[in-house]
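Please explain how this structure is put together, starting from the side chains and ending at its open space. A plain walk through it is enough.

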Amino acid sequence: MPQPYVLLSAAVSLDGYLDDTGPERLLLSGPADFDRVDQVRAASDAILIGAGTLRTDNPRLLVNSPERRAARVAAGLPEYPLKITVSASGDLDPEAQFWHTGGEKVVYTTDKGAERLRTLGLPTGPAGVDVVCVGPDLEWPAVLDHLGDARGVARLMVEGGGRVHTQLLQQGLADELQLAVAPVFVGEAEAPRMFGTGAYPGGPTSRLRLVETRPVGDVVLIRYVPSVPGTGPTVSAADRHWLALACELAAECPPSGTAFSVGAVVVAADGTELARGHSREAGDPVAHAEEAALAKLDPTDPRLASATVYSSLEPCARRASRPAPCARLILDAGVRRVVTAWREPDTFVPDATARNAVLAEEGAVVVVVPEYEDRAKEPNRHLVG
Ligand SMILES: Nc1c(N[C@@H]2O[C@H](COP(=O)(O)O)[C@@H](O)[C@H]2O)[nH]c(=O)[nH]c1=O
């Protein structure tokens, strides 16, 4: 299984704090928003918090609604989502509610932390604690790989704290941000913030993509997704969003029995969408998606050299209907990074996959993200079965 979809969830005050400095946890969400959070938890395979949050909040992280728990069981899921914490030191309170409520738990730790955790006498058995050591250091990619591969977690909700949110966002590993902004002022400089200092993808001039705002009681839910493409062969969460958009655009193509339906998006290095296109766009019966998108841009646009082209199907390297195939148009535009979901099958061009080496041969990085292959194929089922 691929790494899970990572959703960062938190409530913040109007002055940007997660909590105050008092001993009790500050409730920023109102009743309606806590119910929304309960619903998001119920729709997740796992809920993760950092060790700091486990120590300061002593959370239980349950699905509180009996109806939602019953619906999970009826759907063949465990009653409660898996609970996860991460602790390099393993220095955790064995009496914390986290260990003694809900279903299964996992703690990710280091070699050293695992030794410490083994001495704590954490609960064992069906609702017990699995201690997973990821090596000498705690690295997020290793944790997320293990959650996908060994635990089958597809949807991970992260409920803090600020350090965990910051690391996941800065490392390009967060797929979505759900912020509940509460009409409260904390007013304490020492209070914890949702995001700390450090380098965020694309820097302060990059903007995330807004996908939803919604009032929930007196708080406002804001949902953002990251926008900054990964670099080289590394796939960022934003890459997956843009590729998903390319796959959605493919569904807008006029149907054809003799050509693929493909969607494409051109995105600048700071996460700005430059152009989008789809096959047979605007009444042109032979237009390809990448060609349609690139045609909307000024070929001298300096952003193209560091842009990424997302295409649901690998750009063509040979075509009869036009003098230049899309791979050539992309190279000529100066683009050197292509992210695609589906390698071109030999349906229309013999030996298509081998021919497509042209992009790589001329210095472009081609990243294939096979998790999206089914979505890319969906509007083409009649052609490829
Ligand atoms: N205070 C606060 C949140 N706090 C989060 O909820 C966790 C506790 O959950 P539970 O064990 O169910 O009480 C806590 O550790 C922290 O991650 N969440 C929100 O959506 N809104 C809020 O105002």
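A residue counts as buried when its relative accessible area is under 20%, as exposed when it is over 50%, and as partly exposed in between. The model discussed here is predicted. By that rule Y200, at 25% relative accessibility, counts as partly exposed. F195 has a relative accessible area of 23%, so F195 is partly exposed as well.

These two residues bring us to the aromatic rings. Rings are taken as a pair if their centres lie within 6.5 Å, and planes over 60 degrees apart count as edge-to-face. The count of aromatic pairs comes to four. One of them is formed by F195 and Y200: the ring centres are 6.2 Å apart and the planes stand at 90°, so this pair is edge-to-face. Another involves F260 and W342, whose ring centres are 5.4 Å apart with planes at 70°, so this pair too is edge-to-face. F260 belongs to the loop between α8 (237–250) and β10 (263–267), while W342 is in strand β13 (residues 337–342), so the pair ties together parts that are 82 residues apart in sequence. F260 and W342 are both buried.

Aromatic rings also meet charges in this model. The charged end of K83 sits over the ring of F98, at 5.0 Å from the ring centre. In the case of W242, the charged end of R209 sits over the ring, 4.7 Å from its centre.

The backbone comes next. Most residues other than glycine have a negative phi, and most peptide bonds are trans. Where does the chain depart from this? The bond that joins G160 and G161 is a cis peptide bond, with omega of about 0°. G161 is placed in the loop between β6 (155–158) and α7.

Two residues other than glycine have a positive phi in the loop between β11 (273–278) and α9 (289–294). For R280 the phi is near 55°, and for A282 it is about 50°. Are these residues buried or exposed? R280 has a relative accessibility of 8%, so it counts as buried. A282, at 81% relative accessibility, counts as exposed.

Helix α7 comes after the loop that holds G161. Its buried residues are G162, V164, H165, T166, L168 and L169. What do the buried residues of α7 pack against? They pack against β1, β2, α6 and β6. After α7 comes G172, with a positive phi near 70°.

The last topic is the empty space. Rolling a probe the size of a water molecule over the atoms shows where empty space is left. The largest pocket has a volume of about 1200 Å³. It is lined by 50 residues, and the closest to its centre are T53, D57, E159, G160 and G161. G160 and G161 are thus named twice, here and as the two residues joined by the cis peptide bond. Several elements give two or more residues to the lining: β1 (5–13), α1 (31–42), β2 (46–50), α2 (51–57), β3 (82–87), α6 (140–149) and α7 (162–170). Among these, β1, β2 and α6 are also elements that the buried residues of α7 pack against. By residue type, the lining of the largest pocket divides into 21 nonpolar, 16 polar and 13 charged residues.

Definitions and conventions
Residues numbered from 1 in each chain as written. Predicted model: local features only at pLDDT ≥ 70, side-chain atom pairs only at ≥ 80, totals over all residues. Heavy atoms only, no water. 1 Å grid on protein atoms, 1.4 Å probe; cavity = no way out; pocket = protein on both sides within 12 Å on 5 of 7 lines; lining within 4 Å. Points joined across faces, edges and corners; volume = space filled by probe spheres on them. Helix = DSSP H or I, 4+ residues; strand = E, 2+ residues; numbered from the N terminus. Nonpolar A, V, L, I, M, F, W, Y, C, P; charged D, E, K, R; others polar. Phe/Tyr/Trp six-rings, centres within 6.5 Å; stacked < 30°, edge-to-face > 60°. Buried < 20%, exposed > 50% of the residue type's maximum accessible area, 1.4 Å probe, protein only. Lys NZ or Arg CZ within 6 Å of the ring centre and 35° of its normal. Contact = heavy atoms within 4.5 Å.
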